[in-house]
Amino acid sequence: SMTYSGRIRQAHDTNSTTVGSYADALLSSLPQNALLVSHTDINLNAVRYKQECEGARPDVTHLSVQLIPYPWFRERQQSAFFSHISFPPIFRNASTDRQSEANSQIVVGLALANLPRRRVFLDIHSLNDGLIGDFNSYPGGVHLVPYGLLWEVVPPSPELFADNGLAAWRE
C-alpha cells in the first residue's frame with residue numbers, strides 16, 4: 001500500500017495535462033477583452049496559472065465572484081488590478097454561496113456594470129442553475145447564452161425573444 005505522500009508524488013509525476021487543457025479551452029474560446037467570472041478554485045486557479053505563468057490571453061480579465069464581497073478585495077485588489085472593471089455595490093447580505101440569491105445579485109450586478117463595454121462570461125459554476133428561467137432568463141434582468149464551456153451574459157433583447165423571432169428559430 002502506498003503512503004499519502006507517495007500518492008502525491010505519483011500524481012505530480014503523471015504529467016497530466018487535463019487541468020491545463022481545460023484552462024486552454026476556456027481561454028481560447030473567449031473573444032478579445034472579455035470578462036470571465038469564475039466561482040470555483042479549479043476554474044480560477046487553472047486560468048490564473050495559464051495567464052500569470054504562461055502569459056496566455058492577457059487581454060482577458062478573470063475574476064472570482066467569491067472574492068468580490070470581501071472588504072480586503074475592494075480595498076487592495078480592486079483598484080490595483082481591476083481598475084478597468086466596474087463593480088456593483090456590495091450589500092450587507094452579500095454571499096459567496098452560489099445557491100443564494102445574494103450571490104446571484106453580485107454576479108448579475110457585475111455583468112450589468114460591464115455590459116456593453118465588454119462581453120461577460122460565467123463559468124458554469126458561477127450561478128444557481130435553479131434560478132435559470134424561460135429562454136435562459138436569470139434574475140436581475142439578463143439572459144444566459146450557452147458558449148462552449150461557459151455562459152455568456154447578455155442583456156434582454158425584445159426582438160430576440162419576440163414571438164416571430166422564436167417561431168422562425170423553431171422552424
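In this predicted model, leucine 36 stands opposite histidine 62, a residue of strand E2. Leucine 36 belongs to a pairing of two strands: E1, which covers residues 35–38, is joined to E2 by 4 bridges, and the two run parallel. Helix H3 comes into the picture as well, since E1, H3 and E2 together make up a β-α-β unit, and that unit is right-handed.

Which way do the residues of E2 point? Thr61 and Leu63 go one way, while His62 and Ser64 go the other way. Whichever way they point, all of these residues are buried.

His62 turns up again at the largest pocket, where His62 is among the residues that lie nearest the centre, along with Arg48, Glu52, Phe81 and Phe82. The lining of this pocket is made of 18 residues. Three elements each give two or more residues to that lining: helix H3 (41–54), strand E2 (61–64) and helix H4 (71–81). So how much space lies in the largest pocket? The figure comes to about 400 Å³. As for the kinds of residue around the pocket, the lining has 9 nonpolar residues, 6 polar ones and 3 charged ones.

The structure also has a cavity. A search of the whole structure turns up 1 cavity of 30 Å³ or more, and about 30 Å³ of space lies in the largest cavity. Its lining is formed by Val107, Val108, Ala111, Leu122, Leu127, Tyr138, Val142, Leu144 and Val153. Two elements each supply two or more of these residues, namely helix H5 (101–114) and strand E5 (142–147). Which element gives the most to this lining? That is H5, with 3 residues. What classes of residue line the largest cavity? There are 9 nonpolar residues in the lining, with no polar and no charged ones.

One loop residue rounds off the picture. Serine 100 sits in the loop between H4 and H5. Is serine 100 buried or exposed? Serine 100 counts as buried, because its relative accessibility is 17% and the cut-off for buried is under 20%. The side chain of serine 100 also has a polar partner: one of its polar atoms lies 2.8 Å from the backbone oxygen of aspartate 97.

Key:
Residues are numbered from 1 along each chain as its sequence is written. This is a predicted model: local features need pLDDT of at least 70, side-chain atom pairs count only at pLDDT 80 or more; totals for chains, interfaces and linings use all residues. Side-chain values use heavy atoms; hydrogens and water are left out. On a 1 Å grid over the protein atoms alone, a cavity is a set of points where a 1.4 Å probe fits but cannot get out, and a pocket is an open set with protein on both sides within 12 Å along at least five of seven lines; lining residues have an atom within 4 Å of a point. Grid points are joined across faces, edges and corners, and a volume is the space filled by probe spheres set on the points. Ala, Val, Leu, Ile, Met, Phe, Trp, Tyr, Cys and Pro count as nonpolar, Asp, Glu, Lys and Arg as charged, and the others, Gly among them, as polar. Buried means under 20% relative accessible area, exposed over 50%, partly exposed in between (1.4 Å probe, protein chains only). Two strands pair if DSSP finds at least two bridges between them. A crossover is right-handed if, with the strands pointing away from the viewer, the path from the first strand over the helix to the second runs clockwise. A polar contact is a pair of N or O atoms within 3.5 Å; within protein, one must be able to donate a hydrogen and the other to accept it, and residues adjacent in sequence count only if both atoms are side-chain atoms.
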